[in-house]
Amino acid sequence: MKIALLGYGKMGKTIEKLALEKGHSIVFKSLSKTAEGKFEDADIAIDFSSPEVAIKNISKALEAGTPIVSGTTGWLDKYDEMVKLCENRNGSFIYASNFSVGVNLFFSINEYAAKLIAPWKEYNVSVEEIHHLQKKDAPSGTAITIAEGILKHSDKKDWKLNTSEENTLNITAKREEDVKGTHIVSYDSSIDTISLKHEAHSREGFALGAILAAEFLKDKKGIFTMKDVLGIKIND
Ligand SMILES: NC(=O)C1=CN([C@@H]2O[C@H](COP(=O)(O)OP(=O)(O)OC[C@H]3O[C@@H](n4cnc5c(N)ncnc54)[C@H](O)[C@@H]3O)[C@@H](O)[C@H]2O)C=CC1
Ligand SMILES: O=C(O)C1=N[C@H](C(=O)O)C[C@H](O)C1
């Protein structure tokens, strides 16, 4: 597979290393101000850039007829626009807030737990995420996906960062040196706490998942999710 990397930071570099090990090649790389190679040579584009440029990258790929995998977080208010563009262009598109197999299993466990615990009103649910100091967006895209999974089964109406409103799901975001990505869901009562935790030890899980998604998408048309890529069927 010939890959265009849109964004060549921590994730772009990890994807490059693992893609080369799997026998793929990198034919194009875009950095903040410069680019190397020819975008037109790519079979697929993988975008891990920044919230401000993700839409530009995704649009560019869809307009060129190149399948696009995007992992950039913090731009999701424009997701429906990108879906429409993909449909209009008969293109191929996967977005995931987190590409790691472990987190995608965690998403299903989270929804199952939310449904199971929902009738037990003494438990108050909250979400915490911890990431490295360079992260631009808060809360993380993964924390938002987790919150949406909980809200499907909760009396709470919405989520907010740092809230104490009773009917709103509280998300706390912490920034600490070199943390790759930790997500914790807590159900607190006066008697006990039930916690679900996922902790990434490196960026390799995210990168491997993104390459898996690219291999899946390369010869398909349409809009897909990581559930399609991984064949995860248990939902709630
Ligand atoms: N979905 C997932 O599984 C994961 C998503 N992410 C997300 O991916 C994004 C990137 O993360 P990192 O690689 O850690 O960030 P990073 O800051 O290390 O790299 C971002 C790269 O984007 C590129 N970039 C920035 N502005 C650009 C512009 N104007 N034009 C072209 N390229 C530009 C630069 O090459 C920069 O190095 C973030 O939004 C992060 O939240 C990160 C890890 C996993
Ligand atoms: O910025 C990161 O590093 C990460 N971002 C993603 C997110 O916002 O959820 C995924 C992962 O947690 C790492």
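Is histidine 131 buried or exposed? In this predicted model, histidine 131 is buried, because 24 other C-beta atoms lie within 10 Å and the cut-off for a buried residue is 20 or more.

**The two annotated residues**

UniProt, in an unreviewed entry, places the feature "active site" at His131 and Lys135. Histidine 131 belongs to strand E7, which covers residues 124-131. Lysine 135 is found in the loop between E7 and helix H5 (141-151). Lysine 135 counts as partly exposed, because it has 16 C-beta neighbours inside 10 Å, a count that falls between the limit of 12 or fewer for exposed and that of 20 or more for buried. If neighbours within four places in sequence are left aside, the contacts of histidine 131 are Ser140, Arg175, Val179 and Gly181.

**The two ligands**

His131 and Lys135 both appear in the shell around ligand 2, together with Thr73, Ser97, Asn98, Ser140, Gly141, Thr142 and Gly181. Ser140 and Gly181 are also among the contacts of histidine 131. Domain 1 and domain 2 each supply at least three residues to the shell around ligand 2.

Ligand 1 is surrounded by 23 residues, and the closest are Gly7, Gly9, Lys10, Met11 and Gly71. Helix H1 (residues 10-21) gives the most to this shell, with three residues.

The table lists the residue classes for the two shells and for one side of the domain contact.

| Set of residues | Nonpolar | Polar | Charged |
|---|---|---|---|
| Shell around ligand 1 | eight residues | 14 residues | one residue |
| Shell around ligand 2 | no residues | eight residues | one residue |
| Side of domain 1 that touches domain 2 | three residues | seven residues | one residue |

**The two domains**

The domain assignment divides the protein into domain 1 (2-99 + 203-230) and domain 2 (101-199). Their centres, taken over C-alpha atoms, are 27 Å apart. Eleven residues from domain 1 and twelve residues from domain 2 take part in the contact. On the side of domain 1 that touches domain 2, the elements giving two or more residues are helix H6 (204-217) and helix H7 (226-230).

UniProt also lists residues 1-99, in an unreviewed entry, as "domain: Dihydrodipicolinate reductase N-terminal". This span is 35% helix and 25% strand, and its end C-alpha atoms are 19 Å apart.

Key. Residues are numbered from 1 along each chain as its sequence is written. Chains are lettered from A and ligands numbered from 1 in the order in which they are written. This is a predicted model: local features need pLDDT of at least 70, side-chain atom pairs count only at pLDDT 80 or more; totals for chains, interfaces and linings use all residues. A residue is near a molecule or strand if its C-beta atom, placed from the backbone, lies within 6 Å of it. Ala, Val, Leu, Ile, Met, Phe, Trp, Tyr, Cys and Pro count as nonpolar, Asp, Glu, Lys and Arg as charged, and the others, Gly among them, as polar. Domain bounds come from an automatic or database domain assignment. UniProt positions are given in the numbering used here, feature names are shortened, and annotations may be inferred rather than shown by experiment. Helices (H or I, at least four residues) and strands (E, at least two) are DSSP runs, numbered from the N terminus. Two residues are in contact if their C-beta atoms, placed from the backbone, lie within 7 Å.
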